[in-house]
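Colleague: I should be grateful for a close look at a single part of this model. Please begin with one residue and its contacts, and then work outwards to the elements around it.

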Amino acid sequence: MSRQQCREVRSVYREYQAPVAVRPVVACLWEQEPNGDHVQRVVPDGCVDLIWLAGRELVVAGPDTRFRDAALAAGAMSSGVRLRPGVAGMVLGVPACDVRDLQIDVDLLWGGRAARNPGDSMAEIRGRLAEAAPARRLELLSDVVTGRATERPDPLVGAAVRHLAHPGARVAAVAAELGVGERQLHRRMLGAVGYGPKMFARVARLRRLMMLTRRPPALPSVSAGQPARWSVEQQAAGSPAPVSCSSSLASFSLASVAVAAGYASQSHMNDEVRRLTGTTAVRFLEDAIVTAA
């Protein structure tokens, strides 16, 4: 699974660069293999994932509005493609809000066909995924996305996503800057992202909070066959995550970090982090892993 938040890490999670052809719509490719049974905390990141889950199910994980816990079995590898915020509706062929806070079998969305045009059936795709080596699974999932991404993402939503990622962004100001009303912006983001601009701004602020104290690893190409420079497995072994030059959480004032991320105060940050992640800000930031989005 993606977007993990877990104190006792017993899972190897790696991310890879997407093929050039799908990078406009794909944030990354990823794979995860638990070393032991464990329950993983998943937190919102504004993304939708296509996942070959535990080597047996092909599912779509919709955009989350709050944390959820996922039970992972030892040794059951999952492979996934993470869509960039704002492109899910175009790829899925249904409003992204229809899969919000859901994990759903692709047949319920696509009626057994992988591509919009006549092509391979989902049964054929599943058979290839089941037989393929891990790297080939990621290529197959990327091919599914390529077959679905036959239209252009909504450029207005793309611009809104970029604007709302800035600290202090206000929905009314973003709508005015883009020349639309707040209601129209809300409607178009529901279809493309899965939730409205206010919710997306909350999720973007949470990611900024994480990135102020941690830097994501550089992503290799999946064709290189090498894992990212840092993985969850290394964290479990005690290796520090790659972080910015003044990076220890202890070196920061939580109040200053909160303001820099765009919260009104440390108290505001504490309340928001608990709502979205189910834990305290201190514990969240100690364990947080910055994944691609």
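Modeller: Arg137 touches Trp52, Met77, Ser79, Leu129 and Ala132, when residues up to four places away in sequence are not counted. The model is a predicted one, and every value that follows is computed from it. Arg137 itself lies in helix H4. At 15% relative accessibility it counts as buried, because the cut-off for that class is under 20%. Its C-alpha atom is separated by 9.9 Å from that of Ile125, and the two residues are twelve apart along the chain.

One of the partners of Arg137, Ser79, merits its own description. Ser79 is placed in strand S8, which covers residues 78-83. Its relative accessibility is 0%, so Ser79 counts as buried. With neighbours within four places in sequence left aside, Ser79 is in contact with Trp30, Glu31, Leu50, Ile51, Trp52, Arg137, Leu138 and Leu141. Trp52 thus appears among the contacts of Arg137 and also among those of Ser79. From H4, Ser79 meets Arg137, Leu138 and Leu141, and these three residues are among the buried ones of that helix.

Helix H4 comprises residues 134-148, which is 15 residues in number. From its first C-alpha to its last it reaches 22 Å, close to the 21 Å expected at 1.5 Å a residue. The buried residues of H4 are Arg137, Leu138, Leu140, Leu141, Ser142, Val144, Val145 and Arg148. As general background to such a list, an α-helix has 3.6 residues a turn, so residues three or four places apart point the same way.

Helix H8, residues 197-213, may be set beside this description. H8 has 17 residues and reaches 25 Å between its first and last C-alpha atoms, close to the expected 24 Å. It is mostly covered, with 13 of its 17 residues buried.

The packing of one pair of helices can also be given in detail. Two packed helices are described by the angle between their axes and the distance between the axes. For helix H5 (residues 155-164) and helix H6 (residues 171-178), the angle is about 140° and the axes are 10 Å apart. That angle makes H5 oblique to H6. The crossing of H5 past H6 is right-handed. On the H5 side, Leu156, Ala159, Ala160, His163 and Leu164 take part, and they meet Val171, Val174, Glu177 and Leu178 of H6. Classified by residue type, this contact has seven nonpolar residues, one polar and one charged.

Two loop residues have backbone angles to be noted. Ala54 has a phi near 55°, a positive value in a residue other than glycine. Ala54 is found in the loop between strand S5 (48-53) and strand S6 (57-61). Asp101, likewise not a glycine, has a positive phi of about 60°. Its place is in the loop between helix H1 (88-92) and strand S9 (103-105). With a relative accessible area of 37%, Asp101 is partly exposed.

For the wider setting, the protein chain has twelve helices and nine strands. Of its 293 residues, 51% count as buried. Among contacts between residues at least 6 apart in sequence, 74% join residues at least 24 apart. The contact between Arg137 and Ser79, with which this account began, joins helix H4 to strand S8.

Technical notes
Residues are numbered from 1 along each chain as its sequence is written. This is a predicted model: local features need pLDDT of at least 70, side-chain atom pairs count only at pLDDT 80 or more; totals for chains, interfaces and linings use all residues. Side-chain values use heavy atoms; hydrogens and water are left out. Axes are lines fitted to C-alpha atoms, for helices over the stretch in contact, and angles run from 0 to 180 degrees between N-to-C directions. Helices (H or I, at least four residues) and strands (E, at least two) are DSSP runs, numbered from the N terminus. Angles under 35 degrees count as roughly parallel, over 145 as roughly antiparallel, 65 to 115 as roughly perpendicular and the rest as oblique. A crossing is left-handed if the near helix is turned anticlockwise from the far one by less than a right angle, and right-handed if clockwise. Contact means heavy atoms within 4.5 Å. Ala, Val, Leu, Ile, Met, Phe, Trp, Tyr, Cys and Pro count as nonpolar, Asp, Glu, Lys and Arg as charged, and the others, Gly among them, as polar. The expected span of a helix is 1.5 Å times one less than its number of residues. Buried means under 20% relative accessible area, exposed over 50%, partly exposed in between (1.4 Å probe, protein chains only).
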